[in-house]
Amino acid sequence: MRTNLLVSSVLIFLLGIVLADFGFFDGARMLRGLRNLGILTSEMIPPDASVLPVAGMALWETVQMSFAGTLLGFLASLPLSVLGTRHLFSPIISGAARFVAATIRTIPVLLWAIIFVILVGLGPLAGTLGIGAYTVGYLAKIYADLFEGTDPEVIEAVQSTGASKLHLVRFVFLPEGANAILTQLLFMLEYNVRASSILGFVGAGGIGFVMQVYLQTLEYRRLATVLLLILLVVLTMDGLSAWLRRRFLLTTRS
């Protein structure tokens with residue numbers, strides 16, 4: 001109890017130091033920020049519905065980029081995660097696979113988008129490839145850890161029948177981790193929809209380019225319309241993901 005109190009006190013003290021260093025306790029600055037927030041909010045109301053056709057098309061492109069990039073990344077992450085499973089491969093191979101995944105994951109999705117804009121040019125292809133690359137790094141790590149958490153008794157039982165590594169993946173790892181694999185895939189899709197909203201800032205296609213134009217021209221009412229559309233898509237994705245999870249889990253239990 002005393003140790004927990006000490007740790008909490010140290011964390012709060014460190015938090016205070018960091019916030020003070022960033023100006024969080026500067027009352028005048030914070031009041032100025034609140035006043036600017038009120039001005040910005042008033043300039044965003046009411047939203048300008050005249051931009052719905054343009055914003056809707058750009059948002060649809062964002063959803064397409066997220067869908068394609070997530071699936072590409074998912075397909076590429078599965079073999080990399082299998083190679084990173086220490087139950088199946090030597091420390092050298094599994095360590096190399098995990099190093100590759102960590103390296104990919106280190107680069108944020110926005111930087112990946114910039115890299116692919118340089119490689120393949122402006123447009124949604126660069127955004128799709130950027131989303132796919134980031135998804136590989138994230139899912140490969142999650143799935144490798146998931147496969148390593150499989151019940152060792154089940155693995156030994158299947159190995160005793162002379163099953164190959166491919167059989168272990170096909171009949172043990174994938175069925176045992178199906179729920180978690182689907183859950184992480186849906187979470188990644190939701191995340192990518194949100195993250196890809198800003199890829200247009202660097203020329204990687206989608207709604208970000210429209211947002212950038214409205215920001216630069218101070219068209220905040222139009223920007224509010226775009227933000228509301230993004231919120232609608234995110235809420236729809238949340239509902240769809242929850243429905244898929246419930247349906248899949250119920251099917252498993254039945």
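This briefing walks through a few residues and one surface patch. The model is predicted. Two buried helix residues come up, Ser94 and Ala140. Two backbone features sit in loops, one at Pro46 and one at Leu218. A nonpolar patch on the surface completes the tour.

**Ser94, a buried serine**

- Look for Ser94 in helix H4, which covers residues 91-106.
- Ser94 has a relative accessible area of 2%. Buried means under 20%, so Ser94 counts as buried.
- A polar atom of the Ser94 side chain lies 3.4 Å from the backbone oxygen of Pro91.
- Setting aside neighbours within four places in sequence, Ser94 is in contact with Leu83, Gly84, Thr85, Arg86 and Phe89.

**Ala140, a buried alanine**

- Ala140 belongs to helix H6, residues 124-148.
- The relative accessible area of Ala140 is 2%, so this residue is buried too.
- Residues up to four places away in sequence are not counted here: Ala140 touches Ser77, Leu80, Ser81, Ala101 and Thr135.
- Leu240 is 100 residues from Ala140 along the chain. The C-alpha atoms of these two residues are separated by 24 Å.

**Backbone features in the loops**

- Most peptide bonds are trans, and most residues other than glycine have a negative phi.
- The peptide bond from Ile45 to Pro46 is cis. Its omega is near -5 degrees.
- Pro46 lies in the loop that runs between helix H2 (27-43) and helix H3 (52-83).
- Leu218 is not a glycine, yet it has a positive phi of about 60 degrees.
- Find Leu218 in the loop between helix H10 (207-216) and helix H11 (220-253).
- Is Leu218 buried or exposed? Its relative accessibility is 56%, and exposed means over 50%, so Leu218 counts as exposed.

**The nonpolar surface patch**

- Ten names make up the patch: Leu110, Leu111, Ile114, Ile118, Leu119, Val120, Leu125, Ile198, Phe201 and Leu215.
- Together these residues have about 860 Å² of accessible area.
- Which helix gives the largest share of the patch? Helix H5, residues 109-120, supplies 6 residues.
- Leu110 is one of the patch residues, and its place is in helix H5.
- Leu110 has 32% relative accessibility. That value falls between the 20% and 50% cut-offs, so Leu110 counts as partly exposed.

Notes:
Residues are numbered from 1 along each chain as its sequence is written. This is a predicted model: local features need pLDDT of at least 70, side-chain atom pairs count only at pLDDT 80 or more; totals for chains, interfaces and linings use all residues. Side-chain values use heavy atoms; hydrogens and water are left out. Helices (H or I, at least four residues) and strands (E, at least two) are DSSP runs, numbered from the N terminus. Buried means under 20% relative accessible area, exposed over 50%, partly exposed in between (1.4 Å probe, protein chains only). A polar contact is a pair of N or O atoms within 3.5 Å; within protein, one must be able to donate a hydrogen and the other to accept it, and residues adjacent in sequence count only if both atoms are side-chain atoms. Contact means heavy atoms within 4.5 Å. Patches are made of residues with over 30% relative accessible area and no salt bridge: like charges are joined within 9 Å, nonpolar side chains (Val, Leu, Ile, Met, Phe, Trp, Tyr) within 5 Å. Accessible areas come from the Shrake-Rupley method with a 1.4 Å probe; for residues, only the protein chains shown count as cover. A salt bridge is a side-chain nitrogen of Lys or Arg within 4 Å of a carboxyl oxygen of Asp or Glu.
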